[in-house]
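Me: Mind walking me through how this fold is held together? I'd like the reasoning along with the answers.

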Amino acid sequence: QQNLRIETIQAERHRLLQSAVEGQWKVSILEDAHRLTADAANVLLKILEEPPSQTAIFLITPFRDRLFATLVSRCQPVRFRSLADDEVSGCLARLGVPQGLHARLTEMAMGSPGHALHWSREEQIEAVGEAERLWQALSRMTPAQVAHETSGRSKSAKPNRSEIERSVDSLLVPATRALRAGEANSDRPVQIIQEALTQLRQNVQPALVYDNLLLQLAKERGV
């Protein structure tokens, strides 16, 4: 999945300003709206503030918490109920996801087929495995140990923005599992990870976001 960039939203704005070809209404559906860049979100915000007449705009996302607050404030939220595990598995089967992945993806999905599909890609599965190991390692480390590890990495060893975003995104899996299991103070790590994802969308230096996230998680989970 790629970010939704300003060029995409500008093109959609131009389309909405044209006369409808059939019927009276024009409809715009933006899937994975949480992938909007800051610049694209600003253009979309202007559209939402003064929408063309007889236009309906839908922002679709399984990750509402990652939408820019300014966009959410100008939309009418429509929440869909969480699906049962067998329903999520059925969705995965219809989408052609290998049967062997269904059990794990269903657990990670938390009732959302969008979540399940998001995590079904090979690179995401690998990233989740690494996140699980990191999550456990952070529970045994102090913030000082994490700071030492991150400061010792060479610049060439630091991952790029997309790799960092994938790593941060994957940390939500063990963090959310802990929250659902009712572990003490488990809501704070989820909040920290979501804040880091927001910072990455706002073009904060990615390595700085990642290192700071690990320090905060170590403080919450470490010894």
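Reply: Sure, here are a few questions on packing and salt bridges, bearing in mind that this is a predicted model.

Me: How far apart are the end C-alpha atoms of helix α11?

Reply: Helix α11 runs over residues 206-221, which makes 16 residues. At 1.5 Å a residue it should span 22 Å, and the model agrees: the end C-alpha atoms are 22 Å apart.

Me: Which residue caps the N-terminal end of α11?

Reply: Look for a side-chain oxygen by the backbone nitrogen of A207. There is one 3.1 Å away, and it belongs to Q205.

Me: Which helix gives the most to the largest nonpolar core?

Reply: That core has 24 residues, with L213 and L217 among those making the most contacts inside it. Helices α7, α9, α10 and α11 each supply at least two of its residues. The top contributor, with seven residues, is α11.

Me: Is R35 buried or exposed?

Reply: R35 meets E165 in a salt bridge, at 3.3 Å from N to O. R35 sits in the loop between β1 and α2 while E165 is in helix α9, so the pair ties together parts 130 residues apart in sequence. With buried meaning under 20% relative accessible area, the 9% of R35 makes it buried.

Me: Which residues share a salt-bridge network with R177?

Reply: R177 pairs with E132, their closest N and O atoms being 3.0 Å apart. This links helix α9 to helix α7, because R177 lies in α9 and E132 in α7. Through shared partners, R177 is joined into one network with E107 and E132.

Note on methods. Residues are numbered from 1 along each chain as its sequence is written. This is a predicted model: local features need pLDDT of at least 70, side-chain atom pairs count only at pLDDT 80 or more; totals for chains, interfaces and linings use all residues. Side-chain values use heavy atoms; hydrogens and water are left out. Helices (H or I, at least four residues) and strands (E, at least two) are DSSP runs, numbered from the N terminus. The expected span of a helix is 1.5 Å times one less than its number of residues. A polar contact is a pair of N or O atoms within 3.5 Å; within protein, one must be able to donate a hydrogen and the other to accept it, and residues adjacent in sequence count only if both atoms are side-chain atoms. A nonpolar core is a set of buried Ala, Val, Leu, Ile, Met, Phe, Trp, Tyr and Cys residues joined through side-chain atoms within 4.5 Å. Buried means under 20% relative accessible area, exposed over 50%, partly exposed in between (1.4 Å probe, protein chains only). A salt bridge is a side-chain nitrogen of Lys or Arg within 4 Å of a carboxyl oxygen of Asp or Glu.
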